[in-house]
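Trainee: Could you take me through one part of this structure slowly? I'd like a close look at the place where two domains meet.

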Amino acid sequence: MSQRLKNKAKQQILALRRLSGDPILLLTIVAILASLVLFILYPLFEVLITSFRDDMGRWSTAPFERFFTSQHERSALRNSLLLGVATAIAGSAVGFLFAFTITRTSVPFKKALNTIAIVPIVSPPFIGAMAIIMLFGRNGLISYQLLGIRNLNIYGFWGLMFAQVLTFFPVAYITLKGVLESISPTLEDAAMDLGGSRWKVFRRVTLPLTFPGIASAMLVLFIETLSDFGNPLILAGSRFPVLSVQAYLQITGMYNLPRGAALAVVLLIPSITAFFIQKYWVSRKQYVTITGKPTSSSIKLVSRPVQWILFGLCLFVAGIILLVYATILWAAFARVWGHDMTTLTLRHFQYVFGVGFSAVRDTLIIAGVSTPIAGILGMVIAFLVVRKRFPGRQFMDFTSMLSFAVPGTVIGIGYILAFNKPPLILTGTFAILALNFIFRYIPVGIQSGIAILRQVDPSIEEAAIDLGADARTSFRRITLPLMLPAFFSGLTFAFVRAMTAISAAIFLVSANWNLMTVQIMAQVESGRFGAASAFSVVLVAIILVAMMIIRLILTKGFSGYKGKLLQV
Amino acid sequence: MSVRLEAIHKYFSDPDQPDNRVTAVEDMTLEIQEGEMVTFLGPSGCGKTTTLRIVSGFEAPNSGTVWIGGKEVSHLPPNKRDTSMVFQSYAIFPHLSVGQNIGFGPELRGMNKKQIKDAVMEVMEVMNLTDLYHRSPDQLSGGQQQRVALARAVINRPKVLLFDEPLSNLDAKLREQMRLEIRRIQKTFGITSIYVTHDQSEAMTVSDRIVVMDKGRVMQVGTPFEIYSRPANYFVADFIGRVNFIPCTVVGATDGALNVQYQGGIGDAGSAEGSFSAGDSALTVVRPESLRLAKTEAGGPKGLLSGVVEKQVYIGATVEYEIVVPGVETPIQAVTFNPVEEGFIETGSSVEIDFGMKAAHLIPVQ
């Protein structure tokens, strides 16, 4: 055993000695490891430490004891888990409905359905909650204006779950579409050829092959729902407390850091657990059928009547999504939502580009700065993890992916705890927001970077080195260009997320640096749905324009590009 | 420039089981002359590619030193060594054009655009690639890709060219053509070269000298002729070409040849590995094409060996025989030429086998 350790140490030293021959590489590795510790682990550590303090700052388990004594906190935990499970199941079901209908039937308008199913991803993640209030709230268009109902109870479990399914089912859709596309339809043809009925083929072949994908989608949705902050802040109300909102209220409302931290820790545990199950168990069970060339689908798994039922259900969901966006769009132009909706006006947009414009500008600057850094950093980390051997490699891999699992609320609390005191005081600055976005939104770039690099023959990079390139030149001239698809999908993801971030950002904004999402939230809370909607419209427009620009750069500059822009 | 490897040791260990060491190269010392083309030949896993990667700098030896042109380079990374490698997979940069691929080295050396283009054009001329300057690599045939990889490696005029099984992805006909091409280019530029292959006919045709390796050890270093006709041991004899091992006993020595007792009589062995004295057991290495066969006739002359034809295969230009000889474990392989005039010996016939002094090479019983 000790011999083994000695050998291991010896190998690490050997690896270090090799690295010391390339000081820039060594420096890069050290700098990345240090910043991962500083900007991911250290804040989490601070949350953990703080959660074990009492009101006087002494060591204590008091913040956790409240989970046994306080009815309120216990129900927050129960509600969060309940919502997480319910949304995971319902969201995956809707995602599967869309994915299956689009990949396995021949219904019309597939392209439109696909677009509609993806739109919620490029919007602020609480648009659903906003629309519900505008449609079904006290002055709601449908509830009051059309039906005359004043007190339809939309606050609580059902309203919240509805909003969250709407927000998160696209993630399940994209995952499951990928899985279903990778299952060769010839397998289903073969099963049917052997005499299986349609239902039997679906149950015995298609569904089992999709199951790892479904499990994976459910776990991701569970994590997303648990971390969700925007929807519950608007819809949960005081009678339906959830962990993320309670943690926020404890910290910004009661200034009770330990109690907020304890709630954050309790929120972190199920998320991390789900993340581990997803990463180390479910993701290993994926079936991949490699056929080399795309097999044409014969599309006869679904009988005509069933196909039209599926199509009808998809249209229904698509209709709801369109209704949500139509509502937001209408509200952005209506004089006063709920009272004077037929007089159209531009005054909300005047507000956004007048008083509210600093938030637009700040958001653009922060997203504009953090996105390219996150994109490049993601590629560098992917490269180091796949291609280099150095002490701390697995640590780098693991830590950089951790942001997937840590709810924004937790990391937001971590940042205000960690960077409100020496050695690094960042609260209220541009840096704290930019750093938070960079380190939270690198995982997608890293994941797609790793996937691409594993397919690139290492001797291509060796050839560059052999011809006289140093590590930096080889990375810039050879590796990075080969990783372009991953780079751009990482870039797009980071930009969309930076534009729509709320859960961590709400702790970090200040008078100097504000964000559009936080502004929208503030407008919603004070009942100014017109301004909130106008902000949302501008936000979505910016994202769409940015994606168009990235696509333009790709098609003009890199004609060989074949990847997809948005991968979750 | 000459290349010298001195006492190179290299082992790999499984990161999960560091005690489980696999020796890749063991105590390798070798001197390669300026302008020489040396081939590392051996079965897969013999350490030939590892040695090549140690010369290029992609692997660091656990002990031992590497010298190029009289300077020790053991501590230099690959990009600081004046070596160029032609990779088994060609490793052509897929996002650059043919011209950009070949010009990559000169570009790194800070040449201006005009110089780069001139240098690229010159090399492309020599390599018969002239019209492909703007092509994208995925539009090239296998042979063209091979040429581009070679052009990219020679354009910097490296001191040492390294070939890592460069022809293994080509079909047989193209392979034979490219062998000669590689040899021609190597001679044109006069670059010291190391060539790794597991294909012996490739090694025979391209090399000045061959280094036969097995399990990380050098088994023999010599010219293709030496390797084939005077193998140093059982492994080399068995690995290169087809061979017969005939057990025998040394009975004496005359005129620089050893007298050896076979089943049917006493013959001479013109060469031997190691020293033998009367009474020693030995193995005679003799190639199938060196055997002379004659049908046994009652009262006729006896050969050094007598046996029975067990199998006869007509190839066209040659006839191949397998002959069972009492006292020899595996059947003797023999090849005869010109079957139209010489005729065949039928299966089941008794035959007398003879061979000359120069064809017989003695090695110790392993």
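Mentor: Sure, let's start with the contacts: 9 residues of domain 1 of chain B are in contact with 11 residues of domain 2 of chain B, contact meaning heavy atoms within 4.5 Å. Keep in mind that this is a predicted model, where local features need pLDDT of at least 70, side-chain atom pairs count only at pLDDT 80 or more, and totals for chains, interfaces and linings use all residues. Residues are numbered from 1 along each chain as its sequence is written, chains are lettered from A in the order in which they are written, and side-chain values use heavy atoms, with hydrogens and water left out.

In chain B, domain 1 covers 3–237 and domain 2 covers 242–364; these bounds come from an automatic or database domain assignment. Their centres, taken over C-alpha atoms, are 39 Å apart.

Together the two domains of chain B bury about 870 Å², with 56% of it on carbon and sulfur atoms. Buried area is the accessible area (1.4 Å probe) that two parts lose on being put together, summed over both.

Now look at the side of domain 1 of chain B that touches domain 2. Helix 8 (224–229) and helix 9 (234–239) of chain B each give two or more residues to that side, and helix 8 has the largest share, 3 residues. Helices here are DSSP runs (H or I, at least four residues), numbered from the N terminus. By class, that side has 6 nonpolar, 2 polar and 1 charged residues; Ala, Val, Leu, Ile, Met, Phe, Trp, Tyr, Cys and Pro count as nonpolar, Asp, Glu, Lys and Arg as charged, and the others, Gly among them, as polar.
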